[in-house]
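This report describes how the interior of one protein chain is put together, going from strand pairing to nonpolar cores and then to buried charges. Please read it alongside the sequence and the structure shown here.

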Amino acid sequence: MRRPRTLAAVALALCLALAGCGGGGGSATAAGGKVTLRFTWWGNADRAARTEKAVAAFEKAHPDIDIQTSYSTYESYKQKLATQAAGGDVPDLIQLDYRQISQYAGSEVLLDLGTQRKTLPTKEMDSGLLKTGQVDGVQYALPMGVGTQAMAYDKEAWKKAGLHTPKAGWTWDDWAEALRRLKAAGYERPMTDPGSMEDWFEVWLRGQGKRLYGTDGQAAFRAADLARFWSFTSKLRKEGLVSRAEDTTQMAGSVEDSPMGRKRAVAEFNWDAPSAGYEALYGDRLALAPMPAGPDGTPGQYYKPSMLLGIAADSAHPREAARFIDFLLNSDQAADILGVDRGTPVNGRQRTRVLPAVTGFQQQVAGLQESLQGKLKDPPAAPPRGDNGLQSTFQRDYDQVSFEQAAPREVAEDFLTEARTELRP
């Protein structure tokens, strides 16, 4: 029996072929034989400029293919992609977070890239990283780069407060003490509240030797763990060290709408490469530091694929889509344009070429990753289906804590109850 989304794609194809109607999804072939592919991603203005430049270079080298691009903030992107998948209107080329792989592979939205093996060589890519795009041994997406969690901060503020540069092994208590020093130096609420992000809770949890998910695909932590994290961040908020609830809730996945992006804080947790978005605001004052570690120095952060790229299972032009991915991941031209915008290159030859040549903030991204070599623990397995939606639940539930509408323990119990329903191993 055909899946509903496949029926929708067939109906759309008939519509385009017989009635000449416009709009809708899927790639197209113009009268002159030129193929048009849709490519969608999330990111900021800097990533958009680099991506458009790479797309233009590809189109010049492949005049038979046009790439239609679109991008948005991560939260908007997640919602739009979910709607497109439900309606059978997924773009040909899809940027994915590793938290989304299980969800879309399990829903048969993604193409088995093994079918394009001749067009899409992967011999220069680390085999461990390649597995992050696999589900049940099938390669559904390829990593675009390697990234890690970090703290972006205004180093002039750090200097004014008399603080040393944070090094690997500094603890969450060290971090909280640094915030107190910053406040004493005149920086009211110096840090964006990390309590609303599941990503930062995971780092905090791993620093104590615990995990977000178990091998059974269910939450591996207890309500008491989450309540303790939220109590910790709430205490900092009440001390005036992290952002007010009204500012934290305005975050929608872009640098520009965050407290640090609006210059209402001087430090913020983010992933390393996307932190480039702060450069336009802070220039040479912008710096990157490792994430705080557990009480005994155990690191919670890890290397992961910064993001991945897949092809829609219903794309009418999978070979052309694979040619574009090959260009982005393996060509000298694209590597020189993209630099470490999506993390350090996953292609080993390109990584060796690109890293010595990067400048400005990209040099800091490369330097941070180099400083952590051999110090981080292995990354966790890709989260189970349902985690993608739970990230929004995590933020919504923390709103109740930060607005002091409910106690951390009560909300943590509710979160785990919903997690048991949403997670689908």
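## Strands in the interior

In strand β12, Leu308 and Gly310 point one way while Leu309 and Ile311 point the other way, and all of these residues are buried. The model is a predicted one, and the values below are computed from it.

Strand β12 pairs with β4 through four bridges, the two strands running antiparallel. Within that pairing, Leu96 has Leu308 of β12 as its bridge partner. A further antiparallel pairing, made of two bridges, connects β12 with strand β7, which covers residues 142–143; here the bridge partner of Leu142 is Leu309 in β12.

Strand β4, which spans residues 93–96, shows an alternating arrangement, since Leu93 and Gln95 point to one side and Ile94 and Leu96 to the other, again with all of them buried. Besides its pairing with β12, β4 is joined by two bridges to strand β2 (residues 35–42), and these two strands run parallel. At that junction Thr40 stands opposite Ile94 of β4.

## Nonpolar cores

Which residues have the most contacts inside the largest nonpolar core? They are Phe39 and Leu328, in a core that has 75 residues. Helix α12, residues 318–330, provides the largest share of this core, namely seven residues. When neighbours within four places in sequence are left aside, Phe39 is in contact with Thr51, Val55, Ile67, Gln68, Thr69, Ser70, Leu93, Leu309, Phe324 and Leu328. That list includes Leu93, one of the buried residues of β4, and Leu309, one of the buried residues of β12.

A second core, separate from the one just described, has 51 residues, and among them are Trp175, Ala176, Trp200 and Met291.

## A covered helix

Trp200 also belongs to helix α8, where it is buried together with Glu198, Asp199, Phe201, Glu202, Val203, Trp204, Leu205 and Arg206. The helix is mostly covered, nine of its nine residues being buried. The elements that cover these buried residues include β8 (145–154), α7 (172–184), α9 (223–238), β9, α16 and α17 (408–422).

## Charged pairs

Side chains of opposite charge can pair when their charged atoms come close. A search of the whole structure finds 24 salt bridges, and the table sets out three of them.

| Salt bridge | N to O distance |
|---|---|
| Glu202 and Arg99 | 3.1 Å |
| Arg99 and Asp387 | 3.1 Å |
| Arg262 and Asp247 | 3.7 Å |

How many residues apart in sequence are Arg99 and Asp387? Arg99 lies in the loop between β4 and α4, whereas Asp387 lies in helix α16 (residues 387–402), so the pair ties together parts of the chain that are 288 residues apart. Both Arg99 and Asp387 are buried.

The salt bridge of Glu202 with Arg99 likewise links distant parts of the chain, with Glu202 in helix α8 (residues 198–206), Arg99 in the loop between β4 and α4, and their positions 103 residues apart in sequence. Is Glu202 buried or exposed? With a relative accessibility of 4%, Glu202 counts as buried, because the cut-off for that class is under 20%. Arg99 counts as buried for the same reason, its relative accessibility being 3%. Taken together, Arg99, Glu198, Asp199, Glu202 and Asp387 are linked in a network of salt bridges.

The side chains of Arg262 and Asp247 also meet in a salt bridge. Arg262 lies in the loop between α10 and β9, and Asp247 lies in helix α10, so this pair ties together parts that are 15 residues apart in sequence. Arg262 is partly exposed, its relative accessible area being 27%, whereas Asp247, at 8% relative accessibility, counts as buried.

## A buried glutamine

Helix α15, which covers residues 360–371, holds Gln369. This glutamine, Gln369, is buried, with a relative accessible area of 5%. Not counting residues up to four places away in sequence, Gln369 touches Val146, Gly147, Thr148, Asp272, Tyr303 and Thr344.

Definitions and conventions: Residues are numbered from 1 along each chain as its sequence is written. This is a predicted model: local features need pLDDT of at least 70, side-chain atom pairs count only at pLDDT 80 or more; totals for chains, interfaces and linings use all residues. Side-chain values use heavy atoms; hydrogens and water are left out. A nonpolar core is a set of buried Ala, Val, Leu, Ile, Met, Phe, Trp, Tyr and Cys residues joined through side-chain atoms within 4.5 Å. Buried means under 20% relative accessible area, exposed over 50%, partly exposed in between (1.4 Å probe, protein chains only). Contact means heavy atoms within 4.5 Å. Two strands pair if DSSP finds at least two bridges between them. A salt bridge is a side-chain nitrogen of Lys or Arg within 4 Å of a carboxyl oxygen of Asp or Glu.
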